[in-house]
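Open your viewer, get your selection tool ready, and let's take a walk through this model together. We will go stop by stop, with something to select at each one.

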Amino acid sequence: AVVSTQSTGKYNEKVLLERGMMEVRASLVAKKSADDWRFAIFLDKPVKWTHFWNCKLISVNKFNTIWTFGPMPWTKKVKPGQKINLGFNGKFEPDGEAPQTVTKSFVEYKPDE
């Protein structure tokens with residue numbers, strides 16, 4: 001179950017339109033302690049994330065537009081004010097339109113009991 005919004009911070013996108021490449025850098029600052037978390041990205045067109053760091057893939061929808069990532073062992077527990085830097089490199093169909101992030105969220109995760 002998703003519990004609450006967890007962060008402030010920066011989110012930067014860089015798109016190489018003609019090459020169909022996208023980079024995202026998220027520098028997140030936790031608002032409160034959490035023993036586990038999820039970071040989700042919802043895009044308006046398919047992106048295939050080929051490389052990502054400081055996180056692992058949890059799920060992706062069949063359209064490659066909603067991606068959910070979880071922590072690596074060294075980023076799992078966060079404290080208030082702690083910064084987590086995540087990065088993503090991906091590819092998309094170079095059809096003249098760049099993917100846009102519709103929304104993103106960094107939330108505490110607590111499995112259903």
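Start by selecting N89, which lies in strand β8; strands here are DSSP runs of E with at least two residues, while helices are H or I runs of at least four, both numbered from the N terminus. This is a predicted model, in which local features need pLDDT of at least 70 and side-chain atom pairs count only at pLDDT 80 or more, while totals for chains, interfaces and linings use all residues. Residues are numbered from 1 along each chain as its sequence is written, and side-chain values use heavy atoms, with hydrogens and water left out.

Keep N89 selected and look at its surroundings. N89 is partly exposed, because its relative accessible area is 23%; buried means under 20%, exposed over 50%, and partly exposed in between (1.4 Å probe, protein chains only). Setting aside neighbours within four places in sequence, N89 is in contact with M22, E23, R25, K48, W49, T50, H51 and W53, where contact means heavy atoms within 4.5 Å. Now show the side chain of R25: a polar contact of 3.2 Å joins it to the side chain of N89. A polar contact is a pair of N or O atoms within 3.5 Å; within protein, one must be able to donate a hydrogen and the other to accept it, and residues adjacent in sequence count only if both atoms are side-chain atoms. For a distance across the chain, add V15, whose C-alpha is 9.9 Å from that of N89 although the two are 74 residues apart in sequence.

**Next: N54**

Select N54, in the loop between β5 (48-53) and β6 (55-60). Its relative accessibility is 25%, so N54 counts as partly exposed. Which backbone oxygen does the side chain of N54 reach? Draw the distance to N85: the side chain of N54 reaches the backbone oxygen there at 2.7 Å. Beyond four places in sequence, N54 touches W37, M72, W74, T75, N85 and L86. Of these, T75 sits 21 residues away along the chain, with 6.7 Å between the two C-alpha atoms.

**Into the core**

Now select W37, F39, I41, W49, L86 and F88, the residues with the most contacts inside the largest nonpolar core, which has 22 residues. A nonpolar core is a set of buried Ala, Val, Leu, Ile, Met, Phe, Trp, Tyr and Cys residues joined through side-chain atoms within 4.5 Å. Colour β3 (21-30), β4 (37-43), β7 (66-71) and β8 (83-91), the elements that give two or more residues to this core. The largest share, 5 residues, comes from β3. In soluble globular proteins, nonpolar side chains tend to be buried together.

Centre on I41 and show what it touches: leaving out residues up to four places away, the list is Y11, W49, T65, I66, W67, F69, F88, T101 and T103. From there, step to T65, in the loop between β6 and β7. Is T65 buried or exposed? T65 is buried, because its relative accessible area is 10%. Besides I41, T65 is in contact with F42, L43, K45 and P46, not counting neighbours within four places in sequence.

**Out to the surface**

Switch on the surface and select F42, I66 and V102, which make a nonpolar patch of about 240 Å². Patches are made of residues with over 30% relative accessible area and no salt bridge, with like charges joined within 9 Å and nonpolar side chains (Val, Leu, Ile, Met, Phe, Trp, Tyr) within 5 Å. V102 is found in strand β9 (residues 101-109).

Then select E93, in the loop between β8 and β9. E93 is exposed, because its relative accessible area is 56%. Add P46, 47 residues away in sequence, with its C-alpha 7.8 Å from that of E93.

**Last stop: salt bridges**

The structure holds 6 salt bridges, each a side-chain nitrogen of Lys or Arg within 4 Å of a carboxyl oxygen of Asp or Glu. Select K77 and D35, whose side chains meet in one of them at 3.5 Å, N to O. K77 is in the loop between β7 and β8 and D35 in the loop between β3 and β4, 42 residues apart. K77 is exposed at 58% relative accessible area, and D35 is exposed at 53%.

Move on to R38 and D36, whose closest N and O atoms are 3.1 Å apart in a salt bridge; both residues are buried. Finish with K110 and E108, a salt bridge with its closest N and O atoms 3.8 Å apart. Add K32 to see the network of salt bridges that links K32, E108 and K110.

Technical notes
Areas by Shrake-Rupley, 256 points an atom, 1.4 Å probe, with all protein chains shown as cover.
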